[in-house]
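Visitor: Could you take me through one small part of this model in detail? I would like to start at a turn between two strands and then see how the rest is packed.

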Amino acid sequence: MLAVEFPEPDFRFQGEKGQEMIWDSIRRKWVRLTPEEWVRQNFVRFLTGVKGYPPSLIAIEKQIRLGELSKRYDIAVYYNTQPWLVIECKEPEVAIDQKVLEQILRYNAKLTAQFLILTNGHQHFGWQIENAGFRWLEALPDWPGIA
């Protein structure tokens with residue numbers, strides 16, 4: 001399991017039509033605060049605030065086509081204009097299991113990222129794809145632009 005310690009939350013919240021909303025600094029808009037969104041926002045803060053990933057190279061909930069289906073990945077980090085790391089977020093009560101792994105693998109068939117991460121906010125698992133195989137990650141990769 002990856003060691004991920006979320007930074008102290010400093011999110012902006014507001015109520016809208018009876019819904020609690022959270023400001024998404026990547027998408028630059030208010031989004032409905034769900035348990036999965038809480039995991040997603042905390043993970044993005046970890047990527048940018050702790051690991052130093054550039055916010056401008058992070059995409060959230062972008063649509064991709066998988067055959068006839070339209071799907072949305074949770075988080076992708078780009079490097080040299082290509083997906084470099086893909087993260088699938090689940091709400092805390094959802095187990096990180098084979099089904100979740102198969103989901104990110106389907107997305108990555110299209111995205112072809114080098115790193116895959118699964119998280120439910122409590123458990124975090126990651127792999128590096130190399131030589132048509134998978135290498136278990138013990139830590140989230142450092143941003144390649146950091147010397």
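**A hairpin and two cores**

Guide: Happy to. Strands β1 and β2 make a hairpin with 2 residues between them, and K17 in the turn has a positive phi of about 55°. Keep in mind that this is a predicted model. β1 covers residues 13-16, and its pairing with β2 is antiparallel, over 4 bridges. One of the residues to look at here is Q19, which lies in strand β2 (residues 19-24). Q19 is the bridge partner of E16. Leaving out residues up to four places away in sequence, Q19 touches Q14 and R32. Its relative accessibility is 35%, so Q19 counts as partly exposed. To relate this spot to another part of the chain, take L116: its C-alpha atom is separated from that of Q19 by 32 Å, with the two positions 97 residues apart along the chain.

Now for the packing. The largest nonpolar core has 22 residues, and L47, Y53, L85 and L140 touch the most other members. Two or more residues each come from α1 (35-50), β4 (58-60), β7 (75-79), β8 (82-89) and β9 (115-119). Helix α1 gives the largest share, 5 residues. L85 is a good place to zoom in: beyond its neighbours within four places in sequence, L85 is in contact with Y53, I75, A76, V77, A113, F115, I117, L140 and P141. Apart from this core lies another, of 16 residues, with I64, L66, V86 and F125 among them.

Notes. Residues numbered from 1 in each chain as written. Predicted model: local features only at pLDDT ≥ 70, side-chain atom pairs only at ≥ 80, totals over all residues. Heavy atoms only, no water. Core = buried A, V, L, I, M, F, W, Y, C linked by side-chain atoms within 4.5 Å. Buried < 20%, exposed > 50% of the residue type's maximum accessible area, 1.4 Å probe, protein only. Contact = heavy atoms within 4.5 Å. Pairing = 2+ DSSP bridges.
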